[in-house]
Each structure stands twice: as C-alpha cells, then as structure tokens.
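Q: I have a protein model open in front of me and would like to learn how to read it. Could you walk me through it, beginning with the whole chain and then turning to how helices pack?

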Amino acid sequence: MFDNPYSTAVLAWYETNARDLPWRRDDATPWSILVSEIMLQQTPVSRVLPAWEAWMERWPTPADLAAEPSGEAVRMWNRLGYPRRALNLHAAACAVVERHGGEVPSSHADLLALPGVGAYTAAAVASFAFGQRHAVLDTNVRRVLARAHTGVQYPPKTQTKAEAELAGSLVPADPDVAARWAVAVMELGALVCTARSPACADCPIAAQCAWRLAGKPAYDGPPRRGQTYAGTDRQVRGRLLAVLRESPAPVPKSALDVVWQEPVQRERALDALVADGLVDPLEDGTYALPN
C-alpha cells in the first residue's frame, strides 16, 4: 500500500466544502443510500434530489417497494433517465426482502449479489452505509486520480486494472477514515476537479497534482464524444414511456404511435422497451407498464 499523500488535505477540504445531501446525513438508512447510488448513476445531483425525496417518501423501506408492482417503480422514476435502473431497484428491494429479512445487507459480497448492483455500487454502499474500507471508484474519483497521480487530463474510457490497483493502494487503513476519504475525493471531483473546467486555484492538492505540475498537457487519447439525446432511440423510448407513466390504465397502440412520426425507429424503440421489461404488451393489443 502507498502512503496516501492526498488524504489529509482532501479530508480537511471536505469538512468545510461538502454539500449537505440527505443521503449523507447521520440519519440516512442503508436503503436510502442504496437508492441514491442507483439514481446518481449518470445523473446529476440536481435532478436526483427531488426524485430521491419523492421515492423515499413513498417507499421508505425495501419492503414498501417490493410490495408494489415493478411498473410503479418505472412510473415513479419519471424522467430521471435510464429507466432500467427503476427495475433494478425494484428487483433489489425484492431480493433484500427475500434474502435478508428486509434489511439491506452489510456484506460487500451480499450487496454485489443484489440485482443491478455492480462493483462501484456495492463498494459505495458498504462504505457510506456501513463504514467499511473499500476503494470506491466512480467517474469523479477516476478523474481526480488520473490528474493528481498519473498526470493525464482524463482517465481511460474504460476502467483499467491499474486504476483499480491505484485506488485500492490509496485507501486509508482505518475503515472510518477510508469511508470518509471515499466520499471526499468523489466530492472533490464533482465540485473542483471537474471534467471541463477544473478549478485548480480552489483545489486542496493542486501543489501535488502531477497534471498541473506538468503544465496541464492536453488529452491526446481517443476522441471523447459527448452523449447525444435529440433524435436518438433513447428519446423515442422516453416519449413512449411518458405516455404509459401518465396513464392509469393500459393504452392502445395508437396512443404510442403519435409520439414519433418515423415508424421504423418508433417500433425499434418500443421493441427495446418490451425486451428490457419496461413495457408489457397485453393480449388485447394494448400496452402497459410491467405488473
């Protein structure tokens, strides 16, 4: 294990700059933290906050969600994006009830075995909900470590073994400090060491940052293309789901056909929603959210 040359400064910065987010408060439950981590995947905090608050008000425990149809999770997800995450949360809630008596498990292995929970989410929940010692490696952390330690502007598009090993080597030995480090370095990436406009003057580890000390060399890897939305199948799927979310009853095919003029793309998007389990085609020719 390396000595962590950044932890003292980053932890001190976090103490005075951390956002007051409800899933970080002392009264946050493991379930509320799990919900936040699923919602925050590829979605900014500003959009997640109202969705998380509404979700937790309706389903404060896994058992509350598991007792309802999965389609209600999709309906409640609204326009948060990537709606398969709603199905994953519903499936995870059912698994928590069936396997763990309704309590989110503290074991990293048990967390990883929940539907829709990958390596990052399992490590994050184990750290933030149960104060365990894990390397929590999300996009923000990867970017901070790429710049501060490796000296490049952006990390590789796909996480590498070397990144995981570096992150693991920097985890403080004390579990409580490790959990604090995990959220602090993540927050640094979200607020200061941002992708497009890093605020190096505000960074607590600027004096140690290999990328800054090298003169901030420009990224020379494969082209970094931003995600598009307008005109994509994602947009069509979103419009189709919006019709179903807003209807208390199954809808006829004609109600879906009007949301997008191009028939081939519209049918492809609808087929994808059915294949993903987000839409149920019923025997009478109507469509509904899953039951």
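The dialogue below goes from the whole chain to pairs of helices.

A: Happy to! Keep in mind as we go that this is a predicted model.

Q: How many helices and strands are in the chain?

A: The chain holds 15 helices and two strands.

Q: What is the radius of gyration of the chain, and what does the globule rule give for 291 residues?

A: The radius of gyration is 21 Å, and the rule gives 19 Å for 291 residues; the two values are close, so the chain is as compact as a globular protein of that length. You can also picture a box drawn along the principal axes: the C-alpha atoms fill roughly 65 × 45 × 30 Å.

Q: Which residues does the "HhH-GPD" domain annotation cover?

A: According to the unreviewed UniProt entry, that domain covers residues 39-191. Over this stretch the chain is 65% helix and 0% strand, and the C-alpha atoms at its ends lie 19 Å apart.

Q: Now for the helices. What describes two packed helices?

A: Two numbers do the job: the angle between the axes and the distance between them. Try helix H2 (residues 30-39) with helix H6 (residues 84-100), where the angle is about 155° and the axes are 10 Å apart. Angles over 145 degrees count as roughly antiparallel, which is why H2 is described as roughly antiparallel to H6. Their crossing is right-handed.

Q: Which residues of H2 and H6 meet?

A: From H2 come Trp 31, Val 35, Ile 38 and Met 39, and from H6 come Arg 85, Leu 89 and Ala 93. Sorted by class, this contact has six nonpolar residues, no polar ones and one charged.

Q: At what angle do H2 and H8 pack?

A: The angle between H2 and H8 is about 145°, with 9 Å between the axes. This crossing is right-handed. H2 contributes Pro 30, Ile 33, Leu 34, Glu 37 and Ile 38, while residues from H8 include Tyr 120, Ala 124 and Phe 128. The contact of H2 with H8 divides into ten nonpolar residues, one polar and one charged.

Q: Is the crossing of H8 and H11 left-handed or right-handed?

A: The crossing of H8 and H11 is left-handed. H8 spans residues 119-130 and H11 spans residues 175-191; they pack at about 120°, with axes 8 Å apart. That angle makes H8 oblique to H11. Tyr 120, Ser 127 and Phe 128 of H8 touch Ala 179, Ala 182, Val 183 and Met 186 of H11. By class, that contact has six nonpolar residues, one polar and no charged ones.

Conventions:
Residues numbered from 1 in each chain as written. Predicted model: local features only at pLDDT ≥ 70, side-chain atom pairs only at ≥ 80, totals over all residues. Heavy atoms only, no water. UniProt positions renumbered as here; feature names shortened; annotations may be inferred. Helix = DSSP H or I, 4+ residues; strand = E, 2+ residues; numbered from the N terminus. Axes fitted to C-alpha atoms, helices over the stretch in contact; angles between N-to-C directions. Parallel < 35°, antiparallel > 145°, perpendicular 65-115°, else oblique. Left-handed = near helix turned anticlockwise from the far one by under 90°. Contact = heavy atoms within 4.5 Å. Nonpolar A, V, L, I, M, F, W, Y, C, P; charged D, E, K, R; others polar. Rg over C-alpha atoms; globule rule 2.2 N^0.38 Å.
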